[in-house]
Amino acid sequence: MPEAISSASGGKCLIGGRWVPPASGRTLPVICPSDGRVFAEIASGGAADIEAAVAAAREAFEKGAWGRLAAFERGRLLLRLSAAILEHAEELAALESRDTGKPLRQGRADIRACARYFEYYGGAADKLHGDTIPFLQGYTAASFWEPHGVTAHIIPWNYPAQIFGRSIGAALAAGNACVLKPAEDACLSVLRIGELALEIGLPEGALNIVPGLGEEAGAALAGHPGIDFLSFTGSPETGTAIQTAAARNHIGCTLELGGKSPQLLFADADLEAALPVVVNAIVQNAGQTCSAGSRVLIEKGIYEEVTGRLAARFRELVAGPHDRDLDLGPLINRSQLERVQHYLALAREGGVSVLAEGRLAEDLPPGGYYVAPVLLGPVPPDHPLAREEVFGPVLACLPFADEAEALALANATPYGLVAGVWTRDGARQLRLAHGIRAGQVFLNGYGAGGGIELPFGGVGRSGHGREKGFAGLYEFVRLKTIVWNHG
Ligand code: ADP
């Protein structure tokens, strides 16, 4: 029998400040990716629950205590939630790690980041200044930022707590009331943080959470005519459905849809600094990171040296259960494992060499979704491994002859999320930073998902809109211009 994860939120939805069973009474099993076993259950929400959650959010925004708070009071509540998350950090990290399969230290980092989002946006809540506008004689004109109203949030399973923090933190700071549909594959940390939100006194209806399947609860939320804005992180395919739903209701949306992010290594790069970062950018979260550095473009003169050194490191990497805290954990589920295996088969069929493989830990629990990290190269630029998102610990190496070819390769995928450029040549750093099609470019560094303060988002198939930083806050407000005719 699956244990309920806690008496409050186990198998329930958070609607209007109360934990309630879904209208259907149905639940979904929660599977630990490390052993494939069911260890908890969540609500399987549907259209009726979304209806109730949107109504509760509307009530909170228009008539409830939430809508009446001053900006600084909202900020204080978010700071309190941040503190509560830190007080429960160890418990939340263990939950996140078991639910997603990620190594415990990654779970800890994720919970700290989640707390930091609430801290960041809590501090920003009363700092959204408007503008005064020089206009005609006898008039005073000003523009004000106001919240959208009811915001909908659909988030994925790879970083539940972090993505919850960046999306909900910004939306609440701006004064919206939120309805969240977390991912069916992993959302226990989010539910637990929902409990903490009630404990610290977040007014009822400000945050509503309806767990459930994407095609049921997710589709019902995305298409609901009562929402004013939609924030989505997930796959490009679902992103298309989300944007279509938003278009039908004439509302805005942000889409963060993943990438095929490159790191460019020039012959003058500091390899001592670069190589550990290159490895970490694909190993972190077993490569299941939107901004994973899944391609490394290497100047020909150092190709052998770099691939040799990367291969040596890859051979040392070990994948195993989340609680053994190894280099990487299992993948989230069977279909994700099959997806990665499919890409590895494509590499074999295309004659792409495996330069090195990591290994699986001894005594793995049967039923887990493990894959050893793989280094491939040289990958032909038109091969799917060079262009498509694998979402697993698979790093593609591609050689380049000169800066022009490096730039062309960097921009040769439909995605554009993050890039890293490693060179000591300052002019080249800037040429590439401006030339690369991506939402973030790191020079002599790389942040796989890093940077609470740094605006983050994509172009092309990586989506549009920005999260994190102040830019993320501005997505959750809209500008109203007020004009006085005072003669
Ligand atoms: P992945 O393939 O990585 O699971 P998805 O884009 O399918 O990525 O999932 C991201 C989030 O979108 C999850 O919360 C999922 O339940 C939700 N989702 C999936 N399909 C739909 C849909 N048709 N409408 C709304 N949400 C969906």
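The following paragraphs describe salt bridges in a predicted model.

Across the whole structure, a search finds 24 salt bridges. One of these is formed by Glu453 and Arg116, whose closest N and O atoms are 2.9 Å apart. This pair links distant parts of the chain, since Glu453 lies in the loop between β20 (440-443) and β21 (463-464), whereas Arg116 belongs to helix α5 (residues 104-124), with the two positions 337 residues apart in the numbering. Glu453 has a relative accessibility of 40% and therefore counts as partly exposed, and Arg116, with a relative accessible area of 27%, is likewise partly exposed.

A salt bridge also joins the side chains of Glu467 and Arg166, with an N to O distance of 3.2 Å. Here too distant parts of the chain are linked, Glu467 being located in the loop between β21 and α16 (469-474) and Arg166 in helix α6 (residues 160-173), 301 residues apart. Both Glu467 and Arg166 are buried.

In the salt bridge between Asp327 and Arg313, the closest N and O atoms are 3.7 Å apart. The pair connects the loop between β14 (318-319) and α12 (334-349), which holds Asp327, with helix α11 (residues 303-316), which holds Arg313, the two residues being 14 residues apart. Asp327 is partly exposed because its relative accessibility is 25%, and Arg313 falls into the partly exposed class with a relative accessible area of 32%. Beyond these pairs, Asp268, Glu403, Arg428 and Arg431 are joined into one network by salt bridges that share partners.

Terms used:
Residues numbered from 1 in each chain as written. Predicted model: local features only at pLDDT ≥ 70, side-chain atom pairs only at ≥ 80, totals over all residues. Heavy atoms only, no water. Salt bridge = Lys/Arg side-chain N within 4 Å of Asp/Glu carboxyl O. Helix = DSSP H or I, 4+ residues; strand = E, 2+ residues; numbered from the N terminus. Buried < 20%, exposed > 50% of the residue type's maximum accessible area, 1.4 Å probe, protein only.
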